Amino acid sequence: MNTSIVIIGAGGHAVSIANVAHGCGMKVVAFVDDNKVGTNLLHIPVISSSQCIIENSTANLALAIGDNAVRERVSNEYKSAMPNARFPALIHSSAVVGINTEIGDGTVVMPQVNIGPSCIVIEFCILNTASSIDHDCELSAFSSLAPRVVTGGNVKIGLGSAISIGATVKHGTVIGDDVVIGANSYVNKEVEDGVVAYGSPCKFIRNRKKGDSYLV
């Protein structure tokens, strides 16, 4: 079994991804960042994207990209350039994953995360430190939970949506595609596609387009 992995990205989030990789028994052999080639991160070399593509055609890869839309775009680029590469789910050893739960390729589950039984987490999601989803939840591809997000059961979070730090989502709530929920919000009713919403209770603030920046 190949337990080495190359991390795409070399910023702060890459260090967090490396920590998760270490926590599930994998060895990081390189980071990839065209702007930091020749440097080191965690005493591990940073290489160029072209070097990665040439030298690691069958490697395990992880995307250290926090922005959901950018992560989707970069995943498609690397899938096209490296069709034989793999994107394993990374699940930290301290995380709890319930029975009958499915975790998709490229998803990262950070320390102290709880995923309840019978959940579906589609590909390339991020469940950040100490976040928790209860039973029968569904996270669509390229969605993300910031640290200490908590949801009840039967919650559905749409494609590319981001739930910010400390937010709480009531059981049975549906959050649409390309949504950003603000920090410490309480979401107690459906949120439509393509909006920014926050507050307690959470309220519509404005519309947003897929790819609009939300990480600062």
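Which residues of the largest nonpolar core touch the most other members?

1. The model discussed here is a predicted one. Its largest nonpolar core holds 46 residues, and those that touch the most other members are Ile7, Phe31, Leu127, Ile133, Ile163, Ile175 and Ile181. Several elements each supply at least two residues of this core, namely strand S1 (4–8), helix H1 (12–23), strand S2 (27–32), strand S4 (44–47), strand S9 (108–109) and strand S23 (195–198). With five residues, H1 gives the most to this core.

2. A second core, separate from the one just described, is made up of 18 residues, and it includes Ile47, Phe124, Ala141 and Phe142.

3. An open sheet is formed by eight strands, whose order is S6-S9-S12-S15-S18-S21-S23-S24 and whose pairing is mixed. Strand S6 (90–91) and strand S24 (203–207) stand at the edges with a single partner strand each, and therefore one side of each is left without a neighbour in the sheet. As a general matter, strands of a sheet pair through backbone hydrogen bonds, in either a parallel or an antiparallel manner.

4. Within this sheet, strand S15 (residues 144–145) and strand S18 (residues 162–163) run parallel and are joined by two bridges. Leu145 stands opposite Ile163, a residue of S18. When its neighbours within four places in sequence are left aside, Ile163 is in contact with Ser144, Leu145, Ala146, Val149, Ile157, Val169, Ile175 and Ile181. Ile163, Ile175 and Ile181 are also among the residues that touch the most other members of the largest nonpolar core.

5. The largest pocket encloses about 270 Å³ of space. It is lined by 13 residues, of which Gly66, Asn128, Ser144, Ala146 and Leu215 are the closest to its centre. Strands S15 and S18 each supply at least two residues of this lining, and Ser144 and Ala146 are also among the contacts of Ile163. By character, the lining of the largest pocket divides into eight nonpolar residues and five polar ones, with no charged residue.

6. In the second largest pocket there is about 180 Å³ of space. The lining of this pocket consists of 13 residues, and the closest to its centre are Ile8, Val32, Asp33, Asp34 and Tyr78. Helix H3 (residues 68–81) provides the largest share of the lining, which amounts to four residues. The residues that line the second largest pocket divide into six nonpolar, three polar and four charged, whereas the lining of the largest pocket has no charged residues.

Definitions and conventions
Residues numbered from 1 in each chain as written. Predicted model: local features only at pLDDT ≥ 70, side-chain atom pairs only at ≥ 80, totals over all residues. Heavy atoms only, no water. Pairing = 2+ DSSP bridges. Core = buried A, V, L, I, M, F, W, Y, C linked by side-chain atoms within 4.5 Å. Buried < 20%, exposed > 50% of the residue type's maximum accessible area, 1.4 Å probe, protein only. Contact = heavy atoms within 4.5 Å. 1 Å grid on protein atoms, 1.4 Å probe; cavity = no way out; pocket = protein on both sides within 12 Å on 5 of 7 lines; lining within 4 Å. Points joined across faces, edges and corners; volume = space filled by probe spheres on them. Nonpolar A, V, L, I, M, F, W, Y, C, P; charged D, E, K, R; others polar.
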